[in-house]
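Morning, everyone. I'll put the structure up, and then we'll walk through it.

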2 protein chains.
Amino acid sequence: MAASTTRGSTTGRPIMVLLDVLGRRWTLRVLWELREAPLTFRELQARCDQVSPTSLNKRLKELRELQLVRHDERGYALTRWGESLGTQLLDLDRWAGRWARRVPHSAR
Amino acid sequence: MAASTTRGSTTGRPIMVLLDVLGRRWTLRVLWELREAPLTFRELQARCDQVSPTSLNKRLKELRELQLVRHDERGYALTRWGESLGTQLLDLDRWAGRWARRVPHSAR
DNA sequence: GAGATGCGCTACAATATCGGTAGCAATCGG
DNA sequence: CCGATTGCTACCGATATTGTAGCGCATCTC
């Protein structure tokens, strides 16, 4: 079952697994929103534009299977691995800042 | 129309736009596959597990609007911005390698 | 102990998105 | 003209996502 998290590619290369999972709706956003502090299910929902509980729960299950997110008494939080992935998202944020300043608004 | 590429969030923060677009099926994969050399539409299709032309074309249109990908006589290629984003994907690749070695296979 | 609140989560139907197949117009080389 | 390749669209069935309602549980407060 866990292996079926790989939607498309069959190579099994880690990057493919990752690109696949991250390419699902709200996955990146969830990791982003959890980067600073743990959040409850409903807080997460609120921060992610009121994503449906169905989708959110699905994504959270996947992320827990991949050991990027865990769920304890405080709510949902990034694991050690999730945090290091979150760091990459911070880089992405900086990149997005530069990109937005230089690319004409009409293109975005 | 171009602004409508933002699916969920209404903040307009660059990172949100980016997380939104990258979180669509095949977007990350397309950027990944183009990181080394330009590819024709059909080559891209082949490398992306034979993604349907419908989806591929949609993603490519979006990426062109965002000026991350361009289309010339050689085929599809990353723009300057696309390339710098591709660099981030290389970091992600390295991260995925470490992650895969340390996280039990059953979780992936 | 009876609300009232917040929690994670599920059921179900509607909708949006994606996939698979076929095939077209344009271009190029021979 | 012929065949091969290009980018791409039309069509339709399959899958993923959304929106809404609400359940069972725990925790407070009175």
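Which helix gives the most to the surface near DNA strand D? Helix 4 of chain B does, with four residues. "Near" means that the C-beta atom of a residue, placed from the backbone, lies within 6 Å of the strand.

Ground rules before I go on. This is a predicted model: local features need pLDDT of at least 70, side-chain atom pairs count only at pLDDT 80 or more, and totals for chains, interfaces and linings use all residues. Residues are numbered from 1 along each chain as its sequence is written, while chains are lettered from A and ligands numbered from 1 in the order in which they are written.

Back to the DNA. There are 16 residues around strand D. The nearest are A:Ser52, A:Thr54, A:Ser55, B:Thr40 and B:Phe41. Three elements each give two or more residues to that surface: helix 4 (53-65) of chain A, plus helix 3 (41-47) and helix 4 (53-65) of chain B. Helices here are DSSP runs of H or I with at least four residues, strands are runs of E with at least two, and both are numbered from the N terminus. By class, the surface near strand D has five nonpolar, eight polar and three charged residues. For the classes, Ala, Val, Leu, Ile, Met, Phe, Trp, Tyr, Cys and Pro count as nonpolar, Asp, Glu, Lys and Arg as charged, and the others, Gly among them, as polar.

Now the fold of chain A. It has five helices and two strands. From the N terminus, the order is α-α-α-α-β-β-α. Of its 108 residues, 32% are buried. Buried means 20 or more other C-beta atoms within 10 Å of the residue's own, exposed means 12 or fewer, and partly exposed is in between, with C-beta atoms placed from the backbone.

In chain B, look at the strands. Strand 1 (residues 69-72) and strand 2 (residues 75-78) run antiparallel, joined by four bridges. Strands pair if DSSP finds at least two bridges between them. The two form a hairpin with two residues between them. B:His71 stands opposite B:Tyr76.

Next, the chain-chain contact. Chain A gives 37 residues and chain B gives 37. Contact means C-beta atoms, placed from the backbone, within 7 Å. On the chain A side, helix 1 (14-22), helix 2 (27-33) and helix 5 (80-102) each give two or more residues. Helix 5 of chain A has the largest share, twelve residues. That side of chain A holds 20 nonpolar, nine polar and eight charged residues.

How are the copies related? A rotation of 180 degrees with 0.0 Å of shift along its axis superposes chain A on chain B, RMSD 0.0 Å. The two copies are therefore related as by a two-fold rotation axis. The fit is least squares on the C-alpha atoms of residues with pLDDT of at least 70 in both copies. Within chain A, A:Gly23 comes closest to the axis, at 2.2 Å for its C-alpha. The same surface serves both copies, as 100% of the contact residues of chain A recur in chain B.

Last, two backbone oddities. Most residues other than glycine have a negative phi. A:Gln50 has a positive phi of about 55 degrees. A:Gln50 sits in the loop between helix 3 and helix 4 of chain A. A:Gln50 is exposed, with 10 other C-beta atoms within 10 Å. B:Gln67 also has a positive phi, about 60 degrees. B:Gln67 lies in the loop between helix 4 and strand 1 of chain B. B:Gln67 is partly exposed, with 17 C-beta neighbours inside 10 Å.

Terms used: Contact = placed C-beta atoms within 7 Å.
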